[in-house]
Amino acid sequence: MQHTKNGRTLTDLILEIFRVNGAIINAGNDLIKDLGLTSARWQVLGALTEGPATVSDIARHMWLSRQNVQRIANQLIKDGFIETKTNPAHRRAKLCSLSPSGKEAMNEITKRQMAWANEFSKNMNLEKLTTAVSEVKHIRENLTKSHEVIE
């Protein structure tokens, strides 16, 4: 069996997304390493900017494994970036929220990310960026739908 033209192009896009993901993680790590954080920790902290959530909620929302999010959350709790409290909806699943240090870190990360994104994108074509966002979002939405059907 061989790829169709669309199948080959989609495969090329997926492979490029994998590469871009790695480059984004490295750039993020460089951007915040002096804060004692990594891109993985930033991702978990970022999920909590919308409000308290359980580890399972964060994992589902970010399409990550619950075990990996738990490991990262435990370290963020130990380092004082996250606080936990009793969850009225579930006795064993604690609610995680940003601590004052976590909020401060996210404010600093947000400032740095905005400056980085503005500088990095200054010579990029806005129309092409907008189309890329739309297409990648469409792929994610379709994958989400197909994943829900399988489960």
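1. Arg-41 counts as buried in this predicted model, because its relative accessibility is 11% and burial is assigned under 20%. The side chain of Arg-41 nevertheless meets that of Asp-79 in a salt bridge, with an N to O distance of 2.6 Å. Arg-41 belongs to helix 2 (residues 39–47), whereas Asp-79 sits in the loop between helix 4 (66–78) and strand 1 (82–87), so the pair ties together parts that are 38 residues apart in sequence. Asp-79 itself is partly exposed, its relative accessible area being 38%, so that this salt bridge joins a buried residue to a partly exposed one.

2. The pair just described should be read as one of eight salt bridges that the structure holds. Side chains of opposite charge can pair when their charged atoms come close. The two further pairs discussed below each lie within a single helix, helix 1 in one case and helix 5 in the other.

3. In helix 1 (residues 5–32), Asp-12 and Arg-8 are four residues apart, about one turn of the helix, and they form a salt bridge whose closest N and O atoms are 2.8 Å apart. Both partners count as partly exposed, Asp-12 at 40% relative accessibility and Arg-8 at 34%.

4. In helix 5 (residues 100–121), Lys-111 and Glu-108 are three residues apart, again about one turn of the helix, and their side chains meet in a salt bridge at 3.5 Å, N to O. Lys-111 is exposed, with a relative accessible area of 55%, while Glu-108, at 25%, is partly exposed. This pair does not stand alone, since salt bridges that share partners join Glu-108 and Lys-111 with Asp-34 and Arg-112 into one network.

5. Apart from the charged pairs, a colleague may wish to look at the nonpolar surface. A nonpolar surface patch of about 550 Å² is made by Leu-10, Leu-13, Ile-14, Leu-15, Ile-17, Phe-18 and Val-136. Helix 1 gives the most to this patch, contributing six residues, and that helix is also where Asp-12 and Arg-8 lie.

6. Leu-15 can serve as an example from the patch, being found in helix 1 and counting as partly exposed at 34% relative accessibility. That value satisfies the accessibility condition for patch residues, because they must have over 30% relative accessible area.

Terms used. Residues are numbered from 1 along each chain as its sequence is written. This is a predicted model: local features need pLDDT of at least 70, side-chain atom pairs count only at pLDDT 80 or more; totals for chains, interfaces and linings use all residues. Side-chain values use heavy atoms; hydrogens and water are left out. A salt bridge is a side-chain nitrogen of Lys or Arg within 4 Å of a carboxyl oxygen of Asp or Glu. Helices (H or I, at least four residues) and strands (E, at least two) are DSSP runs, numbered from the N terminus. Buried means under 20% relative accessible area, exposed over 50%, partly exposed in between (1.4 Å probe, protein chains only). Patches are made of residues with over 30% relative accessible area and no salt bridge: like charges are joined within 9 Å, nonpolar side chains (Val, Leu, Ile, Met, Phe, Trp, Tyr) within 5 Å. Accessible areas come from the Shrake-Rupley method with a 1.4 Å probe; for residues, only the protein chains shown count as cover.
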